[in-house]
Amino acid sequence: MKYRLARQQSCPETDKVIANVIKRQKIAIPRASEKVLKEIAQVSKLIEKEGLPSYLVCKKLPGELGRGIFLHPEAKPIKRGQTIAPYSGVISLIPQNEGGDSNYAFSSLNDLRINKEEHELLNSKQRFHPRRLYWVSLDAEKRGNFTRFINHSSKPNVDAHLLRIPKNSHGLHPSPAEIIYIANRTIHPGEQLLVCYEDEDKSYWGALKIKPFPMTPKTFTIDPSGNLKKQTGRNAL
Ligand SMILES: C[S@@+](CC[C@H](N)C(=O)[O-])C[C@H]1O[C@@H](n2cnc3c(N)ncnc32)[C@H](O)[C@@H]1O
């Protein structure tokens with residue numbers, strides 16, 4: 001797989017501004033636990049080496065659904081609380097009324113106010129306006145890892161957590177805020193990994209003006225021969 005960006009890509013200036021604003025606006029971002037830090041370090045190595053870790057499968061789904069990520073039929077189950085990977089992509093701090101046209105962009109923070117000094121640090125082409133609100137876009141359109149292929153479900157088995165990566169002994173570069181995908185239940189071999197793209201703001205599907213296809217981790221599975229199976233009826237949803 002060509003997508004091998006283990007963690008989000010940002011620049012020191014943007015990270016500094018984001019860290020300042022988080023502090024000033026008193027935005028509570030939990031610290032990643034030692035367990036999560038260790039698992040991020042492990043999966044990051046696999047992503048850099050192989051792209052897609054060997055316990056996962058990337059498979060084309062029917063129609064417009066594109067590709068999806070499955071747990072390999074011969075892999076060990078993924079336990080609840082296990083880190084899947086950071087959702088990686090390119091970080092930018094942009095005015096709230098701009099951007100957001102990528103299918104792979106996550107809004108990790110919203111309603112941020114920056115001061116003049118921070119505006120200059122960002123080298124923004126726009127004039128400074130003290131009341132302008134910004135959002136943090138994390139876009140995996142051009143650069144990312146396998147998590148960009150994880151599809152949407154309103155009954156997901158993976159949750160997106162916004163965590164702070166502190167100074168650590170795992171060789172991970174600290175970051176003020178990073179999206180980490182973590183299993184919210186046991187994921188069985190052959191099941192699809194699914195995350196819910198929206199919170200209360202309902203911004204993702206509304207902007208695309210399409211209704212998402214309803215699926216659960218069991219709607220499409222990979223059988224022991226590696227073939228895609230579609231379940232129908234009640235068991236599927
Ligand atoms: C982050 S990408 C996920 C990977 C995508 N399937 C691919 O092959 O690149 C998000 C896009 O996948 C498709 N998608 C994901 N979940 C879907 C769902 N439940 N129903 C319909 N389309 C979905 C939509 O086109 C959406 O904009």
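**Contacts of Phe 220, the ligand shell and two positive phi values**

Beyond its neighbours within four places in sequence, Phe 220 makes contact with Leu 61, Gly 68, Gln 192, Met 215, Leu 228, Lys 229 and Lys 230 (contact: C-beta atoms, placed from the backbone, within 7 Å). The model is predicted, and local features need pLDDT of at least 70, side-chain atom pairs count only at pLDDT 80 or more, and totals for chains, interfaces and linings use all residues. Numbering runs from 1 along each chain as its sequence is written.

Phe 220 belongs to strand β11 (residues 220-222); strands (E, at least two residues) and helices (H or I, at least four) are DSSP runs numbered from the N terminus. Phe 220 counts as buried because 23 C-beta neighbours lie inside 10 Å (buried: 20 or more other C-beta atoms within 10 Å; exposed: 12 or fewer; partly exposed: in between; C-beta atoms placed from the backbone). Between the C-alpha atoms of Phe 220 and Glu 117, 103 residues apart along the chain, the separation is 50 Å.

Turning to the ligand, 13 residues surround it, and Gly 66, Arg 67, Asn 103, Asn 151 and Phe 213 come nearest (near: C-beta atom, placed from the backbone, within 6 Å). Two or more residues of this shell come from each of β2 (67-71) and β7 (151-152). The shell comprises six nonpolar, five polar and two charged residues (nonpolar: Ala, Val, Leu, Ile, Met, Phe, Trp, Tyr, Cys and Pro; charged: Asp, Glu, Lys and Arg; polar: the others, Gly among them).

Lys 26, in the loop between α1 (12-24) and α2 (34-50), has a positive phi near 50°. Lys 26 is exposed, with 6 other C-beta atoms within 10 Å. Asp 111, in strand β5 (residues 105-113), is not a glycine yet has a positive phi of about 55°. Asp 111 is exposed, with 11 other C-beta atoms within 10 Å.
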